[in-house]
Amino acid sequence: MGTKAKKATVKKSLKKANAIKPSEAADFLPLEGGPAHKLPNLKPLENASPVLYIGRIPHGFYEKEMEAYFAQFGTIKRLRIARNKKTGKSRHFGYIEFESPEVAKIVADTMHNYLLFEHLLQVSVVPLEHVHPRLWKGFNYRYKPVDSLQIERERHDKERTLAEHRKLIDRVMKRDQKRRKRIEAAGIEYECPKIVGNLQSAPKKIKFED
C-alpha cells in the first residue's frame with residue numbers, strides 16, 4: 001500500500017469517527033486505521049481490603065510457617081496469630097495483610113475450605129471498616145506468656161500482717177465447716193481432724209545475729 005492509499009484510508013476512518021453519535025463515541029482510534037475501539041468497563045473490587053481473616057489454624061502452623069506458606073501468593077506486610085495471654089498458646093485464628101487487595105482476594109478464593117493438617121481453613125476478606133485500629137498493635141514481637149507459677153509463688157511467700165493472717169485463718173475455718181456439713185449431710189460417720197495453728201503469723205525470713 002502506497003503513501004497516497006494510506007492517507008486516503010486515514011481520511012475515511014476520520015470521517016466515520018466524526019459521523020458517530022456522541023452516545024456511541026469510542027474511547028480511541030487505532031493509528032493504523034480501522035474501526036474505533038472502546039475500552040471494556042472494569043468492575044471495581046467489591047471489597048478493596050488487603051486484610052484477611054484466617055480461622056481453624058492447625059497446631060504447629062504458626063507465624064513462621066504461615067509467612068513462608070502465604071508468601072507464594074504475594075508480599076506480606078503484617079501477620080498476627082491470636083494467642084492466649086496467660087499461656088501464650090495459639091487460639092487457632094489470625095490475620096494477614098498483603099500489599100495488594102487483589103492478592104488478598106485471590107488468596108481468599110483459593111484457600112477457603114483448604115484442607116491443611118486435617119483442618120479446613122476458613123479464609124475471608126475483612127472489610128476496611130471492620131479492621132480494628134489496634135489489630136496490629138504489637139504484632140511484630142515474640143509473645144511472652146505470663147508466668148502464673150511465679151506470681152502464685154510470690155503471693156504465697158509474701159510477708160503478711162497480723163490482720164491478713166487472721167483473714168487467712170478465717171477462710172480456712174469456713175471451708176472446714178462447710179466440708180464437715182457436707183459429710184454429715186451425706187450420712188457418713190467421720191471425725192474430721194482438728195486444724196491446729198497460731199493466730200500469729202510465722203516469720204518468712206529468719207535473721208541471725210552476728
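These exercises work through salt bridges and strand pairing in one predicted model.

Local features need pLDDT of at least 70, side-chain atom pairs count only at pLDDT 80 or more, and totals for chains, interfaces and linings use all residues. Residues are numbered from 1 along each chain as its sequence is written, and side-chain values use heavy atoms, with hydrogens and water left out.

**Exercise 1. How many salt bridges does the rule count?**

Step 1. Fix the rule. A salt bridge is a side-chain nitrogen of Lys or Arg within 4 Å of a carboxyl oxygen of Asp or Glu.

Step 2. Apply the rule. The count is 7 salt bridges.

**Exercise 2. Which parts does the salt bridge of E63 and R83 tie together?**

Step 1. Take the distance. The side chains of E63 and R83 meet at 3.0 Å, N to O.

Step 2. Place both ends. Helices (H or I, at least four residues) and strands (E, at least two) are DSSP runs, numbered from the N terminus. E63 lies in helix 2 (residues 63-70) and R83 in strand 2 (residues 76-83), so the pair ties together parts 20 residues apart in sequence.

Step 3. Check accessibility. Buried means under 20% relative accessible area, exposed over 50%, and partly exposed in between (1.4 Å probe, protein chains only). E63 is partly exposed at 27%. R83 is partly exposed at 23%.

**Exercise 3. Is E97 buried or exposed, and what is its bridge partner in strand 2?**

Step 1. Find the salt bridge. E97 pairs with R78, with the closest N and O atoms 2.6 Å apart.

Step 2. Place both ends. E97 sits in strand 3 (residues 90-98) and R78 in strand 2, so this pair ties together parts 19 residues apart in sequence.

Step 3. Read the accessibility. E97 is buried, at 8%. R78 is partly exposed, at 26%.

Step 4. Turn to the strands. Two strands pair if DSSP finds at least two bridges between them. Strand 2 and strand 3 run antiparallel and are joined by 6 bridges. R78 has E97 as its bridge partner in strand 3.

Step 5. Look at the turn. The two strands form a hairpin with 6 residues between them. G88 in that turn has a positive phi of about 80 degrees.

Step 6. Widen the view. K77, R78 and E97 are linked in a network of salt bridges.

**Exercise 4. How many residues apart are E152 and R155 in helix 4?**

Step 1. Locate them. Helix 4 covers residues 148-157 and holds both.

Step 2. Give the spacing. E152 and R155 are 3 residues apart, about one turn of the helix.

Step 3. Add the contact. Their salt bridge has its closest N and O atoms 2.5 Å apart.

Step 4. Check accessibility. E152 is partly exposed at 38%. R155 is partly exposed at 44%.
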